[in-house]
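Subject: Structure for your review

Dear colleague,

Please find the structure below, together with its sequence. A description of what was found in it follows.

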Amino acid sequence: MRPATESCVRGVTCPLVTSAVQLAWQACQTGVGGCRADTSSDRGEKPHLCPPIRLKAETGMEGDRDIQFLLQGGDLLKVRSPSWKKTRYFRLQEDCKTMWHESKKTFKSKQTCECRPSIPPTFSLDDISAVRMGRQSEGLRKYTEEQVEGRCFSIMFKGRRKNLDLIASSEEEAKQWVNSLERIISNISDLSCQQKTEHWIFTCLRKADKNKDDKLSQSEVKNFLRLINIDVDDDYADMIFQKCDTSKSGYLAGGEIEHFYDLLTHREEIDVIYGEYAKTTSCMSPENLVEFLMKEQREKATLADAHAIIEKYEPDEHVKAKKLLSKDGFLMYLHHPEASILNPDHREVHQDMSQPLNQYFISSSHNTYLMEDQLKGPSSTEAYVRALLKGCRCVELDCWDGSDDEPVIYHGYTLTSKILFKDAIKAVKEYAFKTSDYPVILSLENHCSVEQQRVMARHMSSILGSALVTAPMGDGMPANFPSPEKLKGKFIIKGKRLNKLEAIFASEEAPADETDVTEEEESNDEDDQEEEEKRKKKKKQKLAKELSDMVIYCKSVHFHGFEDAVRNLSFYEMSSFKEGKAMKLAEESANAYIRHNVDKLSRIYPAGSRTNSSNYSPVPLWNAGCQIVALNFQTTCPDMDVNQGRFLVNGRSGYILKPAYMRDVTTEFDPITLTRGDWLKHKTLHVMVISAQQLPKVNKKKSSIVDPLVKVEVYGVPADVAEKETSPVENNGFNPSWNDTFHFDVYVPDLALVRFLVEDHDSTSDNEFVGQYTLPFNSLKMGYRHVPLLSKNGDRLPSAGLFVHLMVVDAK
């Protein structure tokens, strides 16, 4: 990256300039906001590194008891196995964002052959998904005794990182650790985007300050630029340094660093937009703001709305008193979730939740107990917790006979580890309704003997209690599913039933089925002859009446074709389809599949060949009206991103109401061959990718800098599927700029999703993932919008984001 020419930087009509170093150069050339030298060193006092930044970096809790406790730290017993329990010293680092723990291991230096402590490990508070009091992890339950329950706690991490199981010296100390960690994590998550940016830059400044003297030398400034993902020519970096070193001391300190920070966070594209509407003494008046909201953002806005925004977001009390909005206030408003790309109304439950259960797409997991692959990876109750916290509403339990008459869950005939059935049910009970209040379906793949099936029934009855649906709701035999609203806080069992549900209301007991089939045998996939032969040879399995009686609304049955289903199946009898069979039906008989799913539930699951827990695309199955499209939640991939995008809205309830034309048994809708109908609403989506902010490094090497590009992808019916991308920006992950415009034709917006993907460009190999965000087309907000970015694990990247302009118009 080279410096812009002086005429371009100073020119009023130049394109958007978003390079932080260009802005620094511009400011130094023109003297804008001249650098303030820190004079404290002249008085013999130690200068401080950006006090305003430090204060915000400490999440507004400076001097707080919880912060002080964590900064001081203490000894904790780390537990890995019955024999591996070792004391480690844990404490919070000064950035108030990183935990450090001392390792007592030693190694020999090649040079001196002396034993020295190894480099102490650290982890970011951003990596923590939860802190849980007591022996809630499998490790603590296995490796510790009940009497230490009150002293135990676990730190659970995002992604596949293992839990950190710890024991404090007392119950009071354990509670203090848990409460303090939870509080600071909560405070960090509540920071505004601007505060998170400041926090992140502060952390990079601290890292760059190698000798911890609260000053930045020329080499440390270059290191800082690399840390924030900018690569600049050495001569150019030296020029920036010399211009900002107004004290001519050979380092930046105090006000000089603070001003350098101000330059880095300056957004030229915001200046351009703001300048178009700030027509009152260089600030936005309420009238100016209304004009911006109506003209650019396509929002209905009144003066009262403008006054409310000014009151909420303007940081300068003097400006606020004049009923004006400064540029800082304008940027704070644009960064707030209510002004982001996702319609804020869709963050809450906004759809009709009183329709029958089968009229919704349902967030669903396959082999939920697995943390990794399908052959030898660990099984864990934590996998259920993670899926449920992501909004999953249908979890799978693969049940087998265990020792001591206790059923276990694992992937049969493989080397995956085992967990107790009762432990899985306890975990499901505790976390089922943390994210969503709407019903959870327990999909049983039953391989157990009759005796252990009875144990399963007893466990579910005792643990789930009245929340378990064990009888039809209402009076008499139901004619349809109850709604998600009526089933709030309830558990539904999906599995085999010995007889029809109508038998409950019959005077004579109906004859029972002779056999039981497991979940994934119900697909009756005729294309897989080998599996068909295995099924024929397998010994028929009996079903315990106690377990059978718990199956009310989701009875598992074979699928013998759409006509057979119409003639012979009741509404509550549902089939499972292997992905290959389901995809074929969705492609060749889409309309028939949609009509089938108006009355019945369908569950889709991955092919057995996906031993690495990869996923298939759920989109064609949703297009065919399938409700329970089960994916491997533990696997990070574009298909899982799209799945989470589908269920991002409606309050993350895990239930999305299907369009009306997919709830009509006489519908003519066919996603493969589009005809005229209520579904055809041809729109044109205009997307301008303007810039990005604070993109994370993909390669952790010090010298590595991201070369970002942005892809905009549309998913939906085949006619709507499209992808377009920007050119890469070399050596700038801090504030790259594109200003590229794309156009997409969208014919069935109700089923479409839009995915923004940022990649690190590589000319010699595949691009590397940086971040993404997926949301339904109908949830897009128009105008200038910030797009949050999520990591591979689906977690928010604290400071990273895209800045785009969107417009949706009716196509002619």
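A suitable place to begin is the end of helix α4, where the next residue, G73, has a positive phi, near 70°. Please keep in mind that the model is predicted.

Helix α4 itself spans residues 65-72, and its buried residues are D66, I67 and L70. These three cover an arc of only 100° around the helix axis, so they lie on the same side of α4. R65 and Q72, on the other side of α4, are exposed. What do the buried residues of α4 pack against? Their partners are strand β2 (85-92) and helix α6 (171-189).

Strand β2 leads to the sheet. As general background, the strands of a sheet pair through backbone hydrogen bonds, either parallel or antiparallel. Here, seven strands form an open sheet with antiparallel pairing, in the order β6-β3-β2-β1-β9-β8-β7. The edges are taken by β6 (122-124) and β7 (128-133); each has a single partner strand, so one side of each is left without a neighbour in the sheet. From one strand to the next, the twist averages 30°. Within this sheet, β1 (residues 74-79) and β2 are joined in the antiparallel sense over six bridges. As an example of a bridge, L77 is partnered with T87 in β2.

The nonpolar cores deserve separate attention. In soluble globular proteins, nonpolar side chains tend to be buried together. In this model, the largest nonpolar core has 106 residues, and the members that touch the most others are L397, L442, M460, Y593, F756 and L802. Helix α17 (residues 421-431) gives the most to this core, namely six residues. Which residues does M460 touch, leaving aside those up to four places away in sequence? They are F421, I425, L442, L444, G465, L468, I493, L547 and M550. Apart from the largest core lies another one, of 27 residues, including I273, A278, C283 and L289.

Finally, some totals for the protein may be useful. It has 25 helices and 30 strands. Of its 812 residues, 57% are buried. Among contacts with a separation of 6 or more, 69% are between residues 24 or more positions apart. The accessible surface comes to about 35,000 Å², and carbon and sulfur atoms account for 49% of it.

Yours sincerely

Technical notes:
Residues numbered from 1 in each chain as written. Predicted model: local features only at pLDDT ≥ 70, side-chain atom pairs only at ≥ 80, totals over all residues. Heavy atoms only, no water. Core = buried A, V, L, I, M, F, W, Y, C linked by side-chain atoms within 4.5 Å. Buried < 20%, exposed > 50% of the residue type's maximum accessible area, 1.4 Å probe, protein only. Helix = DSSP H or I, 4+ residues; strand = E, 2+ residues; numbered from the N terminus. Contact = heavy atoms within 4.5 Å. Arc of directions from axis to C-beta. Areas by Shrake-Rupley, 256 points an atom, 1.4 Å probe, with all protein chains shown as cover. Pairing = 2+ DSSP bridges. Axes fitted to C-alpha atoms, helices over the stretch in contact; angles between N-to-C directions.
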